Amino acid sequence: MAPKKEPEPEEEEPEPGSVPVPPSLAWTDLTLSEIRAFMQKKTPEESLTYIAEKFQLTDYESNAQSSIMVDFYLWILTFTKESGFNEEKASAAFTIIKRTHEFAMSDGGKQIQETFEVFRRMVLRHALTGVPDSVVLFTPEDVKLLTAYVTQTYMQHYRLYQYCHRNQQELDCHTTCLFVSTASTPAPLRLAIDENEEAEKAAAAAAAAAA
């Protein structure tokens, strides 16, 4: 008799918020725990450092392109935080805008109309009901906020982003010596002169001279 085969162990369900669940883009670039970690940052400096380390852009102080991307990612997440997006919406919005930028920079640079259409389709895929390959995540108000943000920020500087992506900027370092005048040390207080006392002495001397 052939030996019984041991049942294969069932695959463990991934922790919620740790992997994306198509068709949603939430948790693609930033998981639930990573979004929460960002939201808990108290200062812009802490937020910037967190993003730089997460996306391996720690050379942002010396690399212009890294600096631009750190700033780009920081403002996306700051927008989602200020707009009151929950963690899932914030993660999806981040990936939508990040993929919009990646498309814009591909193949030597896309036309702005093409890029906005890609952005629009990704947003609607997370907002429409009864449409194949879509999920209802964003409300109409969320769509309005997200579209206004991208239109008024990223699309306004579209050509500049493309230029910076294509052209590596050289870092210029300049050293300047500043000479600052230092005030002289004041005399000790024991040498101070009482103005009232001096005035009385002068008046007495003038009276004596007149007598």
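**Note on pockets, helix packing and a salt bridge**

1. Helix α3, spanning residues 64-82, is the element that gives the most to the lining of the largest pocket, contributing six residues. The structure under discussion is a predicted model, and the points below should be read on that basis.

2. The volume of the largest pocket is about 200 Å³. Its lining consists of Asp 71, Phe 72, Trp 75, Thr 78, Phe 79, Glu 82, Tyr 149, Thr 153, Tyr 154, His 157 and Tyr 161. Sorted by class, these lining residues comprise six nonpolar, three polar and two charged residues.

3. The second largest pocket holds about 170 Å³ of space. Around this pocket are Phe 38, Lys 41, Lys 42, Thr 43, Pro 44, Ser 47, Leu 74, Trp 75, Thr 78 and Lys 81. Two or more residues of this lining come from each of the elements α2 (44-54) and α3. Of the elements, α3 again gives the most, here with four residues. The class composition of the second lining is four nonpolar, three polar and three charged residues.

4. The two pockets may also be considered together. Trp 75 and Thr 78 appear in the lining of the largest pocket and also in that of the second largest pocket. Helix α3 is the leading contributor to the largest pocket and to the second largest pocket.

5. Turning to helix packing, two packed helices are described by the angle between their axes and the distance between the axes. Helix α1 (residues 32-39) packs with helix α4 (residues 87-105) at an angle of about 100°, and the axes are 9 Å apart. Because angles of 65 to 115 degrees count as roughly perpendicular, α1 is described as roughly perpendicular to α4. On the α1 side the contact is made by Leu 32, Ile 35, Arg 36 and Met 39, and on the α4 side by Glu 87, Ala 90 and Ser 91. This contact of α1 with α4 has four nonpolar, one polar and two charged residues.

6. A last point concerns charged pairs. Side chains of opposite charge can pair when their charged atoms come close. With a cut-off of 4 Å between a side-chain nitrogen of Lys or Arg and a carboxyl oxygen of Asp or Glu, the count comes to eight salt bridges. One of these joins Asp 29 and Lys 98, whose closest N and O atoms are 3.4 Å apart. Asp 29 belongs to the segment before α1 and Lys 98 to helix α4, so this salt bridge ties together parts that are 69 residues apart in sequence.

How values were computed:
Residues are numbered from 1 along each chain as its sequence is written. This is a predicted model: local features need pLDDT of at least 70, side-chain atom pairs count only at pLDDT 80 or more; totals for chains, interfaces and linings use all residues. Side-chain values use heavy atoms; hydrogens and water are left out. Axes are lines fitted to C-alpha atoms, for helices over the stretch in contact, and angles run from 0 to 180 degrees between N-to-C directions. Angles under 35 degrees count as roughly parallel, over 145 as roughly antiparallel, 65 to 115 as roughly perpendicular and the rest as oblique. Contact means heavy atoms within 4.5 Å. Ala, Val, Leu, Ile, Met, Phe, Trp, Tyr, Cys and Pro count as nonpolar, Asp, Glu, Lys and Arg as charged, and the others, Gly among them, as polar. On a 1 Å grid over the protein atoms alone, a cavity is a set of points where a 1.4 Å probe fits but cannot get out, and a pocket is an open set with protein on both sides within 12 Å along at least five of seven lines; lining residues have an atom within 4 Å of a point. Grid points are joined across faces, edges and corners, and a volume is the space filled by probe spheres set on the points.
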